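Here is a walk through one protein chain, written for reading with the structure open beside you. Grab the viewer and follow along.

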Amino acid sequence: MSAERTSTGGNRLLILAGGVLVQLAIGAVYAWSTFSRAILAEPSAFSLSTVEATLPFTVAIGMIFVGTFLGGRMQDQRGPRPVALIGVTIYSLGIILASFARDDSDLWLLILGYGVLGGFGLGLAYIVPIAMLQKWFPDKRGLITGIAVGGFGFGAVITSPLAQAMIEGSEAYQLHPTKVFLWLGIAYLVAGLLGASVFRNPPEGYVVPGQAAAPAGQGSGVTSEQEAAPVKVAPYDFTQQEALRTPQWYLLVLILTISVTAGISFISLAAATATDVAGFTAAGAATLVGIMGLFNGAGRILWAGLSDRIGRRIAFVGILGLQGLALVAIPHASNMVLFYVLAALIYLCYGGAFGTLPSTASDFFGVRYSGAIYGLMLIGWSIGGVIGPLLISWLVGEDDAYALGFTVVGLIAVIGAVVPLITRPPKPPASAERAGAVEAT
């Protein structure tokens, strides 16, 4: 680790560990299906419909974009630490607030706490490590982005089985499953504040450990070795406004929206689908959700690395196509082993979109403003996060029509695999080309 401590006193491995810890805490939001299953089951005091039980999670995902949009701007002005500290605090307090919901009349409290506050705080904290760590690791941008968002995917691995064990171990928690949120919220707060406390941007003139200093005027820490590496980089750094004027920005948002819609449709009903389709017990379904968090996190790293070899567009074709086919097949997977395989594939592909999109944004629009441009792209996460759970819960309904629901959602993903094929990097704006021509003369 000493090799990672620069002459300016920055220990980037410690900061990376803090980023992963924050992402683990806020990534626990993906364990919602365990809670919704407990809320809908006997002897819970709640008697919500499937759609109503999905609302807190849907609102949380919908609020993420508000947080990422504001968080991306705030960290440029105030630095990463205060923004992350505020984010994890709001997120944790929202989860704690949700713990006071006791029956149907308190659904609004679940939506406000878990949904509005939890989602907003999550968004504030989520964007910070992604932008910050790319500054600390200019030599490993792709890998570090995958690890950062991978930590988020691993959050449910810990939370889901822990929450299920707490619920099953107490009759009071079986009657009021939301009581578990009190202890989880406190744990998220401690872990999140601990991780965020080490956040800071690298100092001016930061140099990657073991590398020579950048030439004058090049303060990014990118070495000549990196410049020679066969990495596709946009020939022009688009500003946020310029990127928004290109159709490619909206096509990338569409790709993310389709992937999120498809994947989160299954994630929101994963525990219920496992018990109703493949005969899992409640504990077995909770274990499944926890284990699938590993694949969510691993997919972010796997697909990000794979896209370096096969290209971003082909990677997205695979992400959408494989995810869609697995969704179509999973309502017919009565065998537990087959169900596990298909669920793992869905989670791998769902996480893969988040691991691949940041580097795709840099390929298309350059690295200088990639944080702001990518932060805006996360509106696709919120759109898909709202559409997916509502669509699948409506299609499945009270009749447990899983075949209908997942066939429709799966076909959306398969058809959507065409979009990456028509999405090519944009050309620099005409004003940039004219400026270049004038400079050349």
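## A charged pair out of the solvent

Let's start with R312, which counts as buried because its relative accessibility is 13%, under the 20% cut-off. Keep in mind that this is a predicted model. What does R312 pair with? Its partner is D363, and the two form a salt bridge whose closest N and O atoms sit 2.6 Å apart. This pair ties together distant parts of the chain: D363 belongs to helix α16 (residues 336–365) and R312 to helix α15, with their positions 51 residues apart. D363 is buried as well, at a relative accessible area of 15%.

In general, side chains of opposite charge can pair when their charged atoms come close.

## The other salt bridge

How many salt bridges does a search of the whole structure find? The count is 2. Besides the R312 pair, there is a bridge between D276 and R37, with closest N and O atoms 3.9 Å apart. Here too, distant parts of the chain are linked: D276 is in helix α13 (residues 270–278), R37 is in helix α2, and they are 239 residues apart.

Are D276 and R37 buried or partly exposed? D276 is partly exposed at 37% relative accessibility, and R37 is partly exposed too, at 28%.

## The chain as a whole

Now zoom out. The chain has 20 helices and 0 strands. Of its 441 residues, 55% are buried. Among contacts with a separation of 6 or more, 83% involve residues 24 or more positions apart.

The accessible surface adds up to about 17500 Å², and carbon and sulfur atoms own 66% of that.

## Two buried spots inside helices

Try clicking on L320, in helix α15. L320 is buried, with 0% relative accessibility. Not counting neighbours within four places in sequence, L320 touches I255, I258, S259, A413, V414, G416, A417 and P420. V418 is 98 residues away from L320 along the chain, yet their C-alpha atoms are separated by 9.0 Å.

Next is S265, in helix α12 (residues 247–268). S265 is also buried, at 0% relative accessibility. A polar atom of the S265 side chain lies 3.3 Å from the backbone oxygen of G388. With neighbours within four places set aside, S265 has contacts with V260, G388, I392, F406 and V409.

## A nonpolar patch on the surface

Which residues form the nonpolar patch on the surface? They are I310, I314, V418, L421 and I422, which together offer about 450 Å² of accessible area. I314 is part of helix α15, which spans residues 312–329. I314 is partly exposed, at a relative accessible area of 47%.

## Two backbone oddities

Most residues other than glycine have a negative phi, and most peptide bonds are trans. Two places in this chain are worth a look with that in mind.

One is the peptide bond from E42 to P43, which is cis, with omega near 0 degrees. P43 is found in the loop between α2 (32–40) and α3 (50–78). The other is D400, which has a positive phi of about 55 degrees despite not being a glycine. D400 also sits in a loop, between α18 (379–396) and α19 (402–416). With 41% relative accessibility, D400 is partly exposed.

Definitions and conventions
Residues are numbered from 1 along each chain as its sequence is written. This is a predicted model: local features need pLDDT of at least 70, side-chain atom pairs count only at pLDDT 80 or more; totals for chains, interfaces and linings use all residues. Side-chain values use heavy atoms; hydrogens and water are left out. Patches are made of residues with over 30% relative accessible area and no salt bridge: like charges are joined within 9 Å, nonpolar side chains (Val, Leu, Ile, Met, Phe, Trp, Tyr) within 5 Å. Accessible areas come from the Shrake-Rupley method with a 1.4 Å probe; for residues, only the protein chains shown count as cover. A salt bridge is a side-chain nitrogen of Lys or Arg within 4 Å of a carboxyl oxygen of Asp or Glu. Helices (H or I, at least four residues) and strands (E, at least two) are DSSP runs, numbered from the N terminus. Buried means under 20% relative accessible area, exposed over 50%, partly exposed in between (1.4 Å probe, protein chains only). Contact means heavy atoms within 4.5 Å. A polar contact is a pair of N or O atoms within 3.5 Å; within protein, one must be able to donate a hydrogen and the other to accept it, and residues adjacent in sequence count only if both atoms are side-chain atoms.
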